[in-house]
Amino acid sequence: MSGGFTEFLPTGIEITYLVAASLFIVGLKQLGSPATARRGNLIAAIGMFLAIVATLLNQSVLNYQMILVGVVVGSLVGAIAAQKVEMTAMPQMVGLLNGLGGAASTLIAVGEYWRLMGTGNPVPLDATVTIILSVLIGNITLTGSFLAFAKLQSLVSGSPVTYPLQQPINILLLVGFLAGSAYLITTAIDPTIFLVINGISLLLGVLFVLPIGGADMPVVISLLNSFSGLAASAAGFVLMNNMLIIAGALVGASGIILTQIMCKAMNRSLASVLFGAFGGATKATGGASGTQQDKIVRSIGAEEGAMMLGYARSVVIVPGYGMAVAQAQHTVRELADQLEKMGVEVKYAIHPVAGRMPGHMNVLLAEANVPYPQLYDMDDINPEFERTDVALVIGANDVVNPAARSDANSPIYGMPILEVDKAQHTIVIKRGMSAGFAGVENDLFYKDKTMMLFGGAKDMVAQLVSEVKQL
């Protein structure tokens, strides 16, 4: 009986891996829509559980006690983080998780190299190549993601950091890494050179993210997520584990696709994001001609804003990072419910790069149980603005700036935006007149049909709710 089970075990593990991979693909497909994202996440989680169980049944596992300790500690940290981390800090959390994924892949490669070195035999060519790739991708993901976290957390400046001979230094480091790798491939085991290429790849990760500004962080987070998948896939080749190869490839491919979608939404190429040092610069100005003193700003109070909303036939709510910072999503949902009771048609306009990571606004609104059919992406909602009575902008800035459409001198010119300025009236909730994350002055604030409602997002929306109830 035992012998039969032992013979079946490898086949059973591979079949379980196949089932898990299928669940990953189904889950990934469902993650593409807010309406099915939660179910897709659960399906993928079940697939990962099956993959872990199948891996633990492998007879090559030598120390279940240490694995159990890791599972318990990791589960506790994950559960506490899920409860404690604010929704506004999700981009930073994603950055940290990407970095930890890269670190895991690097540790696997380092451990395998040390194991092979201990055998006293030459390291096979295919093993050396996969280990080097895992080290390169894993270390760049590790330090690049941690630096992205530091920028998003304001631990370091979010502005692009450049210095003389930046690109030549990067090229020189890359050449050094390639030379060290070639030496390891063609020569006997050398732990010193192996440590050197590890150090170079860690430094390359820092220099990769350093010149990228805060406004490009959604793209960077998405790209680093892809890197973490590629690192996992490389680790799978090191361990000869089919499940890790498939899972990493899926994450890597989906991350690259999402990165391209984000770049398209910003009307920028990936090369310009990585090497253009754009985003977070505060000296950039854009907008209509004339100085700020020549422009007129029209402000209103909560009572007047409530009247405009309550007597409208259609309202489009445009959430942005300001809503996330204020944790105002639940209050926004309450306002929408009140307007719908009065017969107002309410929709939400979601820009692909609103917030600090892909899908940031979708996650926040889903947390507030906003009905999925009310969420419209940019291409679907833009034709509706001309027939919209009031567009309510809550904490969004760059993604609604008309300068992207009209000012060829603006740094964001050509970036697709939510065309809220075409609505009959626009109400903008904002603390002040400061520029957006891209450092560009917003022409929308000075339009004849724009009314500014100054104050924190949560307080102002709460006041609107109170005033609407009294209509």
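## Salt bridges and the packing of helix 17

Arg333 has a relative accessible area of 22% and is therefore partly exposed. In this predicted model, Arg333 pairs with Asp337 in a salt bridge whose closest N and O atoms lie 3.0 Å apart. Both residues belong to helix 13 and are four residues apart, so about one helical turn separates them. Asp337, at 26% relative accessibility, also counts as partly exposed.

The whole structure contains 10 salt bridges; the table lists some of them.

| Salt bridge | N to O distance |
|---|---|
| Arg333 and Asp337 | 3.0 Å |
| Glu384 and Arg387 | 3.2 Å |
| Arg405 and Asp421 | 2.4 Å |

The Arg405 and Asp421 pair links distant parts of the chain, 16 residues apart: Arg405 lies in helix 16 (residues 403–406), and Asp421 in the loop between helix 16 and strand 5. Arg405 is partly exposed at 34% relative accessibility, whereas Asp421 is buried at 13%. Shared partners join Glu345, Lys347, Glu384 and Arg387 into one network of salt bridges. Within this network, Glu384 is partly exposed at 26% relative accessibility, and Arg387 is exposed at 55%.

Helix 17 comprises 13 residues (457–469); at 1.5 Å a residue it should span 18 Å, which agrees with the 18 Å between its end C-alpha atoms. Its buried residues are Ala457, Met460, Val461, Leu464, Val465 and Val468. Because these residues cover an arc of only 145° around the axis, they lie on the same side of helix 17. They pack against several elements, including helix 13 (329–341), helix 11 (302–310) and strand 5 (425–430).

Definitions and conventions
Residues are numbered from 1 along each chain as its sequence is written. This is a predicted model: local features need pLDDT of at least 70, side-chain atom pairs count only at pLDDT 80 or more; totals for chains, interfaces and linings use all residues. Side-chain values use heavy atoms; hydrogens and water are left out. Helices (H or I, at least four residues) and strands (E, at least two) are DSSP runs, numbered from the N terminus. The expected span of a helix is 1.5 Å times one less than its number of residues. Buried means under 20% relative accessible area, exposed over 50%, partly exposed in between (1.4 Å probe, protein chains only). The arc is that of the directions from the helix axis to the C-beta atoms. Contact means heavy atoms within 4.5 Å. A salt bridge is a side-chain nitrogen of Lys or Arg within 4 Å of a carboxyl oxygen of Asp or Glu.
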